[in-house]
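Trainee: I would be grateful for a close examination of one single part of this structure. Please give the cut-off behind each term as it arises.

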Amino acid sequence: MVFSWDHKRSSVPAKTLADLVLACAEWVGSEWSRRLEVSREKELAEQRHRALINGTNDGLFEWNLVNNKVEFSDRWKQIVGYPVEAELSKPDDWFNQVESSDLAQLEADLAMCLAGQTESLRNQHRLTTADSNGETRWALCQAELVTDEDGEPIRLIGSISDTTEFKLAEEKLRHAAETDKLTNLPNRATLHEQLTKAIRRHKLTGGRRRFAMMFLDFDRFKVINDSLGHDAGDQLLIQIADRLREQVRVTDTAARIGGDEFIVLIEEVSDFEKVIQIADRLLEVFAEPFMIDGNEVTSTASIGIIDGSMGYEDADSAIRDADSAMYHAKSLGKARYAIFDQNMQDESLKRLVMERELRQAIGTDQIFMAYQPIVSVDDARVLGFEALVRWRHPELGIVQPDQFIHIAEETGLIVPLGKWILEESCRELVLMRRALPESEFTMNVNLSKRQLVQPDVVDTIRQVVHDAEVDPVWIKFEITESVIMDGRAPVTPTLESLRGLGFQLAMDDFGTGHSSLSCLHQFPIDVLKIDRSFIQSLDQHVEFAAVIQAIVTLAHTLELSVVAEGIETREQLAVLQALECDELQGYLFAKPLPIHEAIDYVSSSKAMLRSA
Ligand code: C2E
Ligand code: CA
Ligand code: CA
């Protein structure tokens, strides 16, 4: 330090030399002590600064923009993987370690900051550590620009913090949010996002970037899940996912969007023929059986395909159409694909509207029951009724169940609707019995598969019937043959419980499924209803009489009573009487009737019987 004294500026008055020397000595003394104080303060400040630098978990740097030299703190060197004793001073000591994909953004952010366009620098980038490990770390860099009096930047002072752990946790969270946990495939949300992008790209490029999408549903998945258990079902889904992963290209997305439903989004489609080839290959791949817990199971795929160039506006409508096409493929006989077309669009729109309207109609007087008499073959006495649901649509008029029951089944609406049907049938059965005190007739109520597999179905039914003050023996539940015969489906225990409560059970539509007469004895049923297609084919094929005869004989050995349904003509009646069917149902006797007409029908048939 050079000690200079500018006498002109001195505050010490110069009088005599002695005074001067004295004054000088005095001044020197005080100035020294002042300077000592200053330097101690400075040292303290530096100590504090060092403590701060070392104490903070952030690595600090100070970049002298005039000579382009950078000072890095020890912690900075640690984060970037340098030994603390390394002599670093070049900006490249930092930039060389920045991952190339993040470097451009860092440089751009830096340039904006140096140009004064941003007040400070804030950038997150990946570093490859300079040590032999060369691991990847995330660094969050924050820095402030220091300028001179003229506003020229002279320094950039800042820090980097190691945000690797935070980033990894964040990535895990994101992965969890985007992925289906069971199969590790992208989930519905991710697919939705990808699909939205594909739709946008298709639009932006005027249709040049074309995509296609396949909706896959696995035939018999539910049966496998129900019969072999959830774990087996899960394993099957995992294996399905593995096969899918093998088949799709990196540019495509295979996602699980729920249950046994998968979607493959195919991007960069040059030729739709290629999409068909992929569908064919997928069908082949899924025709191969799976090994689950040592069991060989087959679960073929039904595939619905949409062509992205049909001009979709949003992901939901694309998924809906692919879903419709898939249903179409299933209805054509499973293990096949169907490509969505305009007819299906009308169909699916109708379905959508119907579903919404049906949901609103349940519980209002739009839905009501009609009752079709079931009569004795001997004297046409009314033995009971089949309850058949009707929908009085405000615009369409009366909608028949064939048009809406399958929608209710697909959407699950059948569960609340079915409960209402049972409540209403019981309520009106009580009214009918009150109106006709000597009658002993029963009420047949249809139960669909979807209702039967509800875990609480038996309790719900018992409660409804109990609340209506109906004796269970008055109720016969009709369950279609295909539902009962589906050997692996767990409906048999449910049926047994229902029977245990006193309800009677009828196998409906017998002859339409994979009827196996030899299995009939295995099922807990009381009544066999021969499907009306059999009765109607009697007209052209007399040999059907022999088939019906065999059914009746076997049923009687098993102590089942036999109902023939769909009798429209006297000729049919004559044949069925000869074949010793027990009960008959059909338009020949009566169509399904509203409650009051049903009551009248019983009264008038009684009068007829009496007068006969
Ligand atoms: P299903 O259980 O086989 O019901 C018998 C169907 O045959 C009824 O049609 C009935 O009107 C019709 N039918 C009766 N006699 C004759 C005849 O002589 N000739 C002809 N051509 N048809 C006859 P509907 O009421 O249209 O019901 C159709 C199907 O809808 C039913 O078939 C059943 O599967 C379902 N369904 C109807 N009501 C309900 C219900 O309340 N719950 C459930 N789950 N399904 C129902
Ligand atoms: Ca029925
Ligand atoms: Ca039937």
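**The calcium pair and its surroundings**

Mentor: Asp 508 forms a bridge between the calcium ion (ligand 2) and the calcium ion (ligand 3), and the two ions lie 3.8 Å apart. The model is predicted: local features need pLDDT of at least 70, side-chain atom pairs count only at pLDDT 80 or more, and totals for chains, interfaces and linings use all residues; side-chain values use heavy atoms, without hydrogens or water. Residues are numbered from 1 along each chain as written, and chains are lettered from A and ligands numbered from 1 in the order of writing.

Consider the calcium ion (ligand 2). Its coordination comes from Glu 386 (OE), Asn 446 (OD1), Glu 478 (OE) and Asp 508 (OD), at distances of 2.1 to 2.3 Å. Donors are N, O and S atoms within 2.8 Å of the metal, or 3.2 Å for Na, K and Ca; with water absent, sites may look incomplete. Along the chain, the donors of ligand 2 follow the spacing E-x59-N-x31-E-x29-D. Glu 386 belongs to strand β14 (residues 382-393) and Glu 478 to strand β17 (residues 475-480), so this pair ties together parts that are 92 residues apart in sequence. Helices (H or I, at least four residues) and strands (E, at least two) are DSSP runs counted from the N terminus. Glu 386 and Glu 478 are both buried, a word that stands for under 20% relative accessible area, with exposed over 50% and partly exposed in between (1.4 Å probe, protein chains only).

At the calcium ion (ligand 3), the coordinating atoms belong to Asp 508 (OD), Asp 509 (OD) and Glu 565, which is listed twice through OE, and the range is 2.1 to 2.9 Å. Here the spacing of the donors reads D-D-x55-E. Asp 508 is buried, at a relative accessible area of 6%, whereas Asp 509 reaches 23% and counts as partly exposed.

Glu 565 also has a charged partner. Its side chain meets that of Lys 529 in a salt bridge of 3.6 Å, N to O. Lys 529 sits in strand β19 (residues 527-530) and Glu 565 in strand β20 (residues 561-565), so the contact ties together parts that are 36 residues apart in sequence. Both Lys 529 and Glu 565 are buried. A salt bridge requires a side-chain nitrogen of Lys or Arg within 4 Å of a carboxyl oxygen of Asp or Glu, and the count by this rule comes to 25. A network of salt bridges links Lys 529 and Glu 565 with Glu 386 and Glu 478, the last two being donors to ligand 2.

Asp 509 leads on to ligand 1: one of its polar side-chain atoms lies 3.2 Å from an oxygen atom of that ligand. For Glu 568, a polar side-chain atom lies 2.5 Å from a nitrogen atom of ligand 1. Val 389 approaches through its backbone, with an N or O atom 3.2 Å from a nitrogen atom of ligand 1. In total, 22 residues surround ligand 1, the closest being Gln 372, Arg 390, Arg 532, Glu 568 and Tyr 587; a residue is included if one of its heavy atoms lies within 4 Å. At least two residues of this shell come from each of β14, α12 (401-411) and β18 (504-510). Strand β14 gives the most, with four residues, and Glu 386, a donor to ligand 2, lies in that strand.

Notes. A polar contact is a pair of N or O atoms within 3.5 Å; within protein, one must be able to donate a hydrogen and the other to accept it, and residues adjacent in sequence count only if both atoms are side-chain atoms.
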